[in-house]
Amino acid sequence: LSRLWPPARNQIVTWVAAQRAAHPDVDFSGPIGEIDYVGSLATGYKGVPKQFVRFNPRSFDVDANVVAPPLERYAVDVKHITPKHNRIFAIGHGTDITPLITFCHEAHREMTPIPGYDASEQFDVVIAASATPGQDRTNTGITRVYRLRGTLEPERYTAMVNELRGAGLLVDEDAGWRLKPELSEQEMNTFNQILARYE
């Protein structure tokens, strides 16, 4: 990666300049940073959803991370991609950032012969991204709901959840009901009115 990244980074800088000309209303300021490893290859163990399983040198995939505000702005403002957990995957989220995607494919091709490398998992670059205003509102709301779950009587907590559901502020997921991923300002006002009766 240290060999492939510098020329790819130069191509990305040129690509960003072309996007700046094509989208003069978008702020493409900021540098294209250096990449680093993410996941179990970097830390030695997998994250919480995978129960901190230790890195396995006989079976592993590789992803990288980059701080690059111009790429974040392109993905969010031009492609209208919503970050997930403050991350945007160059390939996984369909960014069409051509030189970055080309870099991913070239790196994947060169790493495929490495013993233990899982070639079925496409190498991808994670672009660091800020949460959207709607995500910030949802995160604030989740914190408040969880706080009430620990203080309200079960019947009163259920009544609150039913009010939130009735107002269309919850979505049904495999793990149960939760707040919508991105609350609008109007939805947040409704949320505040409901929670004010319970806090």
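Let's start with Gln19, which is buried, with a relative accessible area of 13%. The cut-off for calling a residue buried is under 20%, so Gln19 counts as buried in this predicted model. You'll find Gln19 in helix α1. If you skip its neighbours within four places in sequence, Gln19 is in contact with Phe28 and Tyr74.

Now look at another residue of helix α1, Val16. Is Val16 buried or exposed? With a relative accessible area of 5%, Val16 is buried. Again leaving out neighbours within four places in sequence, the residues in contact with Val16 are Phe28, Ile32, Pro70 and Leu71. So Phe28 is a name you've now met twice: it touches Val16 and it touches Gln19. Val16 also shows how the chain folds back on itself in space: Ile97 is 81 residues away from Val16 in sequence, yet the C-alpha atoms of the two are 9.2 Å apart.

Next comes the nonpolar core. As a general point, nonpolar side chains in soluble globular proteins tend to be buried together. Here, the largest nonpolar core has 34 residues. Which of them touch the most other members? They are Trp5, Leu71, Leu100, Phe103, Phe123 and Val125. Five elements each give two or more residues to this core: helices α1 (5-22), α3 (69-78) and α4 (98-111), along with strands β2 (63-66) and β4 (124-128). There's also a second, separate core of 17 residues, and Tyr157, Val161, Leu183 and Tyr198 are among them.

Phe123 is a good residue to click on. Beyond its neighbours within four places in sequence, Phe123 is in contact with a long list of residues, including Leu1, Val62, Ile91, Phe103, Ala107, Met111 and Tyr117. Asp63 and Ala64 are on that list too, and they bring us to strand β2.

Both faces of β2 are covered. On one side sit Asp63 and Asn65, on the other Ala64 and Val66, and all of these are buried. What are the strands that pair with β2? One is β1 (residues 35-38), which pairs with β2 in the antiparallel sense over 4 bridges. There, Val38 stands opposite Asp63. The other is β4, which runs parallel to β2 and is joined to it by 4 bridges. Across that pairing, Asp63 has Asp124 as its bridge partner, while Ala64 has Val125.

Strand β4 itself is mostly covered, with 4 of its 5 residues buried. It has a further pairing, with β3 (residues 87-89), in the antiparallel sense over 3 bridges. In this case Ile88 is the bridge partner of Ile127 in β4.

Finally, let's move to a pair of helices. Two packed helices are described by the angle between their axes and the distance between the axes. For helix α5 (residues 133-149) and helix α6 (residues 154-166), the angle is about 155° and the axes are 10 Å apart. Angles over 145 degrees count as roughly antiparallel, and that is why α5 and α6 are described as roughly antiparallel to each other. Their crossing is left-handed. Which residues make the contact? From α5 they are Val145, Leu148 and Arg149, and from α6 they are Tyr157, Met160 and Leu164. Tyr157 should ring a bell, as it also belongs to the second core.

Conventions:
Residues numbered from 1 in each chain as written. Predicted model: local features only at pLDDT ≥ 70, side-chain atom pairs only at ≥ 80, totals over all residues. Heavy atoms only, no water. Core = buried A, V, L, I, M, F, W, Y, C linked by side-chain atoms within 4.5 Å. Buried < 20%, exposed > 50% of the residue type's maximum accessible area, 1.4 Å probe, protein only. Contact = heavy atoms within 4.5 Å. Pairing = 2+ DSSP bridges. Axes fitted to C-alpha atoms, helices over the stretch in contact; angles between N-to-C directions. Parallel < 35°, antiparallel > 145°, perpendicular 65-115°, else oblique. Left-handed = near helix turned anticlockwise from the far one by under 90°.
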